[in-house]
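Thank you all for coming; I would like to walk you through a structure that may be new to most of you. Please take a moment to look at the sequence and the model before I begin.

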Amino acid sequence: MRALTCFRSRIGEHTVPELPEVETTRRGLMPHLLGKTLRHIVVRNPRLRWPVPEDLGKRMSGQPVTGLERRGKYLLLGLPKGTVMLHLGMSGSLSLVDSKIPPGKHDHIDMVLDSGLNLRFNDPRRFGAVLWVEGDPAEHALLRHLGPEPLGEEFDGDYLYHISRKRKQAVKSFLMDSQVVVGVGNIYANEALFMGGIRPGSQAGRISRPRYGLLAQAVIKVLESAIEQGGTTLRDFVGGDGRPGYFKQSLQVYGRGGLPCLNCGAALKEIRLSNRSTVYCVQCQR
DNA sequence: ACGAAGCCCTGCAAGC
DNA sequence: TGCTTGCAGGGCTTCG
């Protein structure tokens, strides 16, 4: 069995898994998981955002994987008797490794498949989560109040316009609220607001319907092109073909505070908004 | 009810 | 060189 490393984290070039990264991981893992049976589970370090259930192995083992879905940034590993709900937090990653490869420092969980591959959950900062859910995962407390998928039917300018009325918070905070729309993290919120020409600190309730139309289109565009290119954190993965990530090169504002705007040349301004790094162009974003 | 702040955690970079 | 300090951030939780 060749050491098929589908996604393997590389230390030192850390970026946060956002929706495109989670979706890329899902698509990459899918063909190696579907229909395979979980032989055994090793919980090496149960300390994550919430403790990994002690009986996770007992719940999971012996069952075939029937699905791998995504809700926001949560991955849902479907089994006949329940669902394993995973979140990568800020530093989590899933890799497929040969089951003989010994675990590293932050490898919390191994899920060994009957194919000989091992689905390994690694998370240095432990903001991630691995939980066992019985019944409909959509009804789970962590999922039931989530807003629509940004790439789904429900999400558009009219939707944003309607639910933003009378809201005084900054539009960037509004956009990053998972009850408004899921999966828009700090990086892509910055990028989408730049693309939509909207200043991050503007009150959400004071933005017009047409401008929300532009913003919704920008969110969709930014996420779709990131998924297309394999997600920002592809540079953190050594894919099956060893191709490094490159999407970071196409980030227009995030991480570019003080540098010239790629549209007009003015120095990009960097502020803190909801305690998150916020970069925008004072010329292009009003 | 809404919105802001707090907190969890480790790796890395900068400063001394 | 080796310490200390600050920063990064998703998102649940608590506070105002």
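Which residue is the bridge partner of Asp 110 in β7? In this model, which I should say is a predicted one, that partner is Arg 120. On the other side of the pairing, Asp 110 in β6 stands opposite Val 42, and the strands β1, residues 38–43, and β6 run antiparallel, with five bridges joining them. Strand β7, residues 117–122, also runs antiparallel to β6, and five bridges join those two strands. Between β6 and β7 the hairpin has three residues, and in this hairpin Gly 116 takes a positive phi near 95°. As for β6 itself, which covers residues 107–113, seven of its seven residues are buried, so the strand is largely enclosed by the rest of the structure.

Let me turn now to the salt bridges, of which the structure holds 15. One of them joins Asp 158 and Arg 209, whose closest N and O atoms are 3.1 Å apart. Because Asp 158 lies in helix α3, residues 157–164, and Arg 209 lies in helix α6, residues 209–228, this pair ties together parts that are 51 residues apart in sequence. Asp 158 is partly exposed, at a relative accessible area of 37%, and Arg 209 is likewise partly exposed, at 37%.

Another salt bridge brings together the side chains of Arg 59 and Asp 55, at 3.1 Å from N to O. Finally, there is a network of salt bridges that links Glu 23, Arg 26, Arg 27, Arg 70, Arg 71 and Glu 149.

Note on methods
Residues numbered from 1 in each chain as written. Chains lettered and ligands numbered in written order. Predicted model: local features only at pLDDT ≥ 70, side-chain atom pairs only at ≥ 80, totals over all residues. Heavy atoms only, no water. Buried < 20%, exposed > 50% of the residue type's maximum accessible area, 1.4 Å probe, protein only. Helix = DSSP H or I, 4+ residues; strand = E, 2+ residues; numbered from the N terminus. Pairing = 2+ DSSP bridges. Salt bridge = Lys/Arg side-chain N within 4 Å of Asp/Glu carboxyl O.
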